[in-house]
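Biologist: Could you take a close look at one part of this model for me? I'd like to hear about the place where the chains touch, with whatever background helps.

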Amino acid sequence: MSGGLKGVLLRLLFVVSLPLVLVTAWWLASDDSTDVYWPPLRTILTAFPDVWTGERLRADVLPSVLRLLAGYTSAAVVGLALGTVIGSYRRVRAVCEPVLEFLRAVPPPVLVPVIMLFAGIGDTMKIAVIASGCVWPILLNTVEGVRAVDSVMSETARSYGITGTARLRNVVLRSASPQIFAGLRQALSIGIILMVISEMFAASNGLGFTIVQFQRGFAIPDMWTGILVLGLLGFALSVVFRLVERRVLGWYHGLRASSRRS
Amino acid sequence: MHALLEVSGLRKVYEGSGRRVEAVRDLTFTVDAGELVCLVGPSGCGKTTLLKCVAGLLNPTAGEVLLGGRPVSGPPPGMAVVFQEYGRSLFPWMRVRDNVELPLKQKKLSRSRRRELVDDALTSVGLSDAAGAYPWQLSGGMQQRVAIARALAYEPDVLLMDEPFAAVDAQTRADLEDLVRGLWRERGITILFVTHDIDEAVYLGERVLILSASPTVVQEQLKVDLPVERDQLHTRVAPRFAELRTHVYEQIQAAKRGVPLSKD
């Protein structure tokens with residue numbers, strides 16, 4: 001009867017137990033620290049509410065998040081569109097693949113100075129940096145997903161006159177969606193890294209900028225709070241991502257579970 | 001009157017990487033409206049190739065397929081195919097109802113008409129309760145029923161079935177055979193049923209086309225003079241059934257011996 005509730009509590013315990021252990025370990029290990037660069041966790045947590053006021057959230061966190069979303073979304077649109085085209089046509093793939101492999105191998109932070117030359121030092125530059133890093137996993141996974149559409153499903157669609165955009169929407173993209181989501185998930189963590197890096201160059205606000213400012217001003221506990229905020233932001237975004245994925249890929253997880261059972 | 005489906009001089013040669021495989025040599029047969037015809041042949045005899053050519057999914061090397069007097073050059077709107085691999089033919093991201101409805105949306109039918117057809121088809125195959133389930137939540141036999149329902153709702157002139165029951169267990173198979181027979185009698189649809197199972201061909205068909213080994217030709221056309229009313233218990237032990245299946249079996253053995261064995 002209380003099985004459901006018990007299950008939820010147990011899962012909650014699993015989720016919070018390791019973070020609790022780590023925080024406690026950090027707390028105890030740093031408690032009597034006198035090292036300037038390694039302040040006690042107590043000091044960091046005391047500084048937290050003073051540093052991350054509503055004003056700071058609006059002035060620094062919000063712009064960062066908006067830039068991340070803008071870059072991530074444009075990478076998703078471009079990656080999906082190009083990936084679908086490249087994945088659908090063998091010839092296009094043969095032409096594009098070597099170039100893609102080369103471009104993918106270039107570490108995106110290297111592009112920051114280059115993009116600055118073209119896009120200046122404003123938001124456009126930062127969004128371009130984020131997008132240029134996020135686009136590769138989305139693009140390459142979409143290509144793989146689209147080309148792996150099952151032959152029997154393809155023939156079924158053809159024999160029932162499901163062609164063109166209906167085929168794209170109902171068959172190809174749906175069939176590729178597990179792969180596409182794998183790409184989107186990778187891109188999200190790359191996006192967060194690039195968000196911070198792009199703000200460390202020539203920025204006047206944002207999370208990365210603030211953390212660097214604190215570090216340069218020897219406000220070490222404040223710097224640590226910034227790192228905590230980054231971690232929390234990444235965690236929150238991945239929770240949102242998981243919720244969306246569970247909705248869109250519910251069928252896929254069910255299918256996998258049912259084929260494991262048989 | 002013209003036959004509904006006419007296949008004449010059909011030939012299919014696969015060419016690729018230096019290998020040239022003649023899968024189908026010369027096939028000519030017709031299917032009349034309202035007929036249930038079974039194609040049976042030794043395994044690897046190009047049955048699937050033949051069916052795909054008929055369905056417009058493959059272009060034949062020579063010869064032609066006419067549906068209602070019109071040449072088939074791509075999948076025609078008047079045909080529905082039930083594949084053997086139900087698990088790969090149903091879309092796992094759609095519920096049963098949506099799977100059945102999707103082809104009807106392509107036909108631009110009204111919402112109410114689609115609803116009517118879907119409900120009717122699912123009821124016919126005994127799955128009206130499963131409309132909201134995902135295909136992978138159903139057993140293999142039920143999934144194949146969904147594929148049959150999808151084909152029925154499409155209201156094809158000809159229903160093509162490619163070894164549809166080869167992947168289900170024997171009891172389910174018997175049920176599905178009776179289902180197909182029943183649907184054929186109730187609805188007067190035209191069915192071309194491909195199988196490698198001799199008993200199944202004789203039990204289901206009004207006419208059995210026996211194919212040779214690859215490269216395929218029609219070895220013999222056999223009228224099945226069993227009563228229209230058939231059931232698993234009595235029909236399969238009837239003396240006439242035994243005679244017919246023996247005959248088909250001998251023909252297929254002869255077909256295997258008669259033609260030099262190809263490598264597939």
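**Chain A and its contact with chain B**

Modeller: Sure. Let's start with the fold: chain A has 11 helices and 0 strands, so to speak an all-α run of α-α-α-α-α-α-α-α-α-α-α from the N terminus on. Keep in mind that this is a predicted model. The C-alpha atoms of chain A fill a box of roughly 75 × 65 × 30 Å along the principal axes. Of the 262 residues in chain A, 31% are buried. If you take the contacts in chain A between residues at least 6 apart in sequence, 73% of them join residues at least 24 apart.

Now for the part you asked about. Chain A puts 18 residues into the contact, and chain B puts in 20 residues. On the chain A side, the elements giving two or more residues are α7 (151–159), α8 (164–200) and α11 (250–261). The largest share there, 6 residues, belongs to α7(A). Sorted by class, that side of chain A has 8 nonpolar, 6 polar and 4 charged residues.

While we're on chain B, have a look at its helix α1, residues 47–54. There, 7 of the 8 residues are buried, so the helix is largely enclosed by the rest of the structure. The buried ones in α1(B) are Lys47(B), Thr49(B), Leu50(B), Leu51(B), Lys52(B), Cys53(B) and Val54(B). Just past α1(B) you run into Gly56(B), which takes a positive phi of about 80°.

Terms used:
Residues are numbered from 1 along each chain as its sequence is written. Chains are lettered from A and ligands numbered from 1 in the order in which they are written. This is a predicted model: local features need pLDDT of at least 70, side-chain atom pairs count only at pLDDT 80 or more; totals for chains, interfaces and linings use all residues. Two residues are in contact if their C-beta atoms, placed from the backbone, lie within 7 Å. Helices (H or I, at least four residues) and strands (E, at least two) are DSSP runs, numbered from the N terminus. Ala, Val, Leu, Ile, Met, Phe, Trp, Tyr, Cys and Pro count as nonpolar, Asp, Glu, Lys and Arg as charged, and the others, Gly among them, as polar. A residue is buried if 20 or more other C-beta atoms lie within 10 Å of its own, exposed if 12 or fewer, and partly exposed in between; C-beta atoms are placed from the backbone.
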